[in-house]
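Colleague: Could you take one strand and walk me through its surroundings in some detail? I'd like the cut-offs along the way.

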Amino acid sequence: MKRKGKKFQKKGSNSLNKLSLFQKAEGRFGRSCPFSLKNAPVIDYKNISLLKKYISENDKILSSKITSVSNGKQKKLTKEIKKAKILGLI
Amino acid sequence: MSFYEDTLIAKQDLQKSELQKIKDKYSEIIENNSGKVIKIEEWGLLNLARKIKKYKKAFYIHYKFEGNKETLNEINKKIKIDSSIIRHLVVKYKNLDMKNEYFKKEK
């Protein structure tokens with residue numbers, strides 16, 4: 001039982017680390033929005049380490065299909081990312 | 001009156017005294033035009049993600065202030081003339097969050 005638990009945790013962390021089009025289907029579907037939880041991080045143009053998670057290697061914004069961010073939060077994310085791009089932070 | 005945040009990006013090849021002058025100049029402009037400076041943050045010399053006007057690095061100065069239309073007009077006018085500032089961004093807020101400082105120096 002213990003082994004199974006460990007394996008499951010590892011998979012979860014991996015799928016969160018690299019969000020891309022080519023990730024396995026397990027991590028992609030059925031996850032809830034990471035910004036609608038309790039104590040969720042604030043979406044802000046100064047919080048670069050957070051925004052960088054939602055950007056591809058070529059500085060494109062990842063779609064909400066991949067990241068499973070809710071509709072309203074995705075709109076806010078894109079606005080904040082664009083502000084950070086104006087300032088040359090990303 | 002509402003709350004604003006203004007981030008200035010200054011040239012890379014400035015000396016410390018000149019940076020201090022810029023900092024004082026804009027806080028004075030805000031105070032003189034029916035505004036009130038709440039907080040000033042210096043983010044220091046950061047790498048730009050891409051070149052802006054042929055500069056690879058720049059100094060960042062961040063203001064949190066209270067003001068109205070006049071203050072914003074005055075700031076925009078002065079920044080247009082100022083050659084040592086490459087770019088800036090003003091954002092309007094209903095409430096400022098003073099807790100988080102994302103660019104604190106870790107040393």
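Modeller: Let's go with β1(B): this strand and β3 (residues 55-67) of chain B pair in the antiparallel sense, with 9 bridges. "Pair" here needs at least two DSSP bridges between the strands, and strands are DSSP E runs of at least two residues, helices H or I runs of at least four, both numbered from the N terminus. Bear in mind that the model is predicted: local features need pLDDT of at least 70, side-chain atom pairs count only at pLDDT 80 or more, and totals for chains, interfaces and linings use all residues. Residues are numbered from 1 along each chain as its sequence is written, while chains are lettered from A and ligands numbered from 1 in the order in which they are written.

To pin down the register on that side, Phe3(B) has Glu66(B) as its bridge partner in β3(B). β1(B) also pairs with β4 (residues 85-93) of chain B, again antiparallel, through 8 bridges. There Leu8(B) is bridged to His88(B), and Thr7(B) has Leu89(B) as its partner.

Zooming out a bit, the 4 strands make an open, antiparallel sheet in the order β2-β3-β1-β4 (chain B). Its edge strands are β2 (36-52) and β4 of chain B, each pairing on one side only. On average, neighbouring strands in this sheet are turned by 20° against each other, direction ignored; axes are lines fitted to C-alpha atoms, for helices over the stretch in contact, and angles run from 0 to 180 degrees between N-to-C directions.

How covered is β1 (residues 2-10) of chain B? Mostly: 7 of its 9 residues are buried. Buried means 20 or more other C-beta atoms within 10 Å of the residue's own, exposed means 12 or fewer, and partly exposed is in between, with C-beta atoms placed from the backbone.

Some of that cover is helical. α1 (residues 16-32) of chain B lies across β1, β2 and β3 of chain B, at about 25° to β3(B). Leu8(B) touches Tyr26(B), Ile61(B), Ile85(B) and His88(B), leaving out residues up to four places away in sequence; contact means C-beta atoms, placed from the backbone, within 7 Å.

Leu8(B) also turns up in the largest nonpolar core, a set of 21 residues where Ala84(A), Leu8(B), Ile9(B), Ala10(B) and Tyr26(B) have the most contacts inside it. Such a core is made of buried Ala, Val, Leu, Ile, Met, Phe, Trp, Tyr and Cys residues joined through C-beta atoms within 7 Å. At least two residues each come from α5 (71-86) of chain A and from β1, α1 and β3 of chain B. β3(B) gives the most, 5 residues.

Tyr26(B) has another job in the packing. α1(B) and α2 (residues 69-81) of chain B pack at about 150° with axes 9 Å apart, and are therefore roughly antiparallel to each other (over 145 degrees; under 35 is roughly parallel, 65 to 115 roughly perpendicular, the rest oblique). On the α1(B) side that contact uses Tyr26(B), Ile29(B) and Ile30(B), and on the α2(B) side Thr71(B), Glu74(B), Ile75(B) and Lys78(B).

Finally, the other chain: 10 residues of chain B are in contact with 9 residues of chain A. β1, β2 and β4 of chain B each supply at least two residues of the side of chain B that touches chain A, and β2(B) has the largest share of that side, 4 residues.

Methods:
Contact = placed C-beta atoms within 7 Å.
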